[in-house]
Amino acid sequence: MKYAVLIGDGMGDYPLAELKGRTILEAAATPNLDALAQGGLLGLVQTIPETKESGSDVANMAIMGYDPAIYHTGRGPLEAASLGVRLEQTDLAFRLNLVTLEFAGSKTFMRDHSAGHIGTDEAHILLEHLAATLPLNAGQKLYPGVSYRHLLVWPRLPADLPTIPPHDWRDKEVSWHLANGDRNLAPVLDLVKASWPILADHPVNQKRRRSGLKPANSIWPWGQGRPPAMSAYKERFGLTGAVVSAVDLIKGLGVYAGLKPLDVPGATGYLDTNCEGKVQAALTALQDDDFVLLHLEAPDEAGHQGDWKAKLAAIEMFDHRVVGPIWAGLKEMGEFRLLVLCDHYTPVTVKTHTREPVPFLVYPGPRPSGRPFTEKEASCSGLYLPHGHLLVGLLFGSRG
């Protein structure tokens, strides 16, 4: 038996006037998703527990079968695992974004959580300069990642710091956060402010401005945590496998779950990602292993940009270039079970994650739903799972 999980990050959304009251998922052409949902099990699942923030780290941990209430410590240590960074139990790992801030007198605004989706090569130049120039203390280290997503490790700092995810504050004022009086957060904010003069006129940012692109004019640490204690898939389910994603978070979850994180050239996390390479990597992994998880970030990024057209294109790309080919490949392997879902909503009208239960499908299922894959049809299916980590029970059966 082969098992596959396909995640279209942030696909869920709200009805839009531009689409005559339909959601983007309803408006998109998704023949493969619809056929799988109609012939399989369709339902809703609550991937974000009430006690946790609506983050991809929480949601994807639950989808993989780990209760976030037990295992989640923060996003940073998951990304550290993906980068091969070994953490001590006293280390605090932050996700470190390169962002675009706007300074307007006494007010500061978060204009872009991704610095205009800065390229990895440019970002690495900036990270190298920051590592050499910032007033880092002994043990503090910066590690470059992909695009705007990087890592900061800070030993012996308290974990319960009131940091904020930059994607939650796009086009909003963040002056209040930068003036936060929390004694333990103060050194973190001091480091943010120290990055401003270093990045302001760096040649990379000068070139970006000349090209009409957003400058990466600040660092932004958030999502901090210490190393979690997670048991491996081999131990829990008797399965070996791999994860395929452009996002360090997903790769890091795979590392902690004892799954192989696969690197795919040209996997960017956006509309220009190498879907064919990701599909090939996933199907090749299943030749030897039992399980694969393939994650596509593009719908989520379009949601953060507030761009419904880009999100529609990303969902159709997921259907045509990921779901369809994976389904076809699985059928050639014999017996299989396939789980497809989004991890959370990223509505274009709010530009950040929300905690509604999300649609999922399991194929083949015990009975055909006869319904297409949309938020509304999933809510009318009569199937609701209150906890995301229960999904693996439907996928793996007796294994879960």
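## The largest cavity and its surrounding chain

The largest cavity of this predicted model holds about 90 Å³ of space, where a cavity is a set of points, on a 1 Å grid over the protein atoms alone, at which a 1.4 Å probe fits but cannot get out. Its volume is the space filled by probe spheres set on the points, which are joined across faces, edges and corners. Of the 14 residues lining this cavity, those closest to its centre are Arg75, Arg95, Tyr148, His167 and Glu297; a lining residue has an atom within 4 Å of a point. Helix 13 (298-305) and strand 3 (91-104) each contribute at least two lining residues, and helix 13 gives the most, with 3 residues.

The lining of the largest cavity divides by class as follows.

| Class | Members of the class | Lining residues |
|---|---|---|
| Nonpolar | Ala, Val, Leu, Ile, Met, Phe, Trp, Tyr, Cys, Pro | 2 residues |
| Polar | the others, Gly among them | 6 residues |
| Charged | Asp, Glu, Lys, Arg | 6 residues |

Within the protein chain, buried residues (under 20% relative accessible area, with a 1.4 Å probe and protein chains only) make up 57% of the 400 residues. The C-alpha atoms fill a box of roughly 60 × 50 × 35 Å along the principal axes.

Residues are numbered from 1 along each chain as its sequence is written. Local features need pLDDT of at least 70 and side-chain atom pairs count only at pLDDT 80 or more, whereas totals for chains, interfaces and linings use all residues, and side-chain values use heavy atoms, with hydrogens and water left out.

Note on methods
On a 1 Å grid over the protein atoms alone, a cavity is a set of points where a 1.4 Å probe fits but cannot get out, and a pocket is an open set with protein on both sides within 12 Å along at least five of seven lines; lining residues have an atom within 4 Å of a point. Helices (H or I, at least four residues) and strands (E, at least two) are DSSP runs, numbered from the N terminus. Buried means under 20% relative accessible area, exposed over 50%, partly exposed in between (1.4 Å probe, protein chains only).
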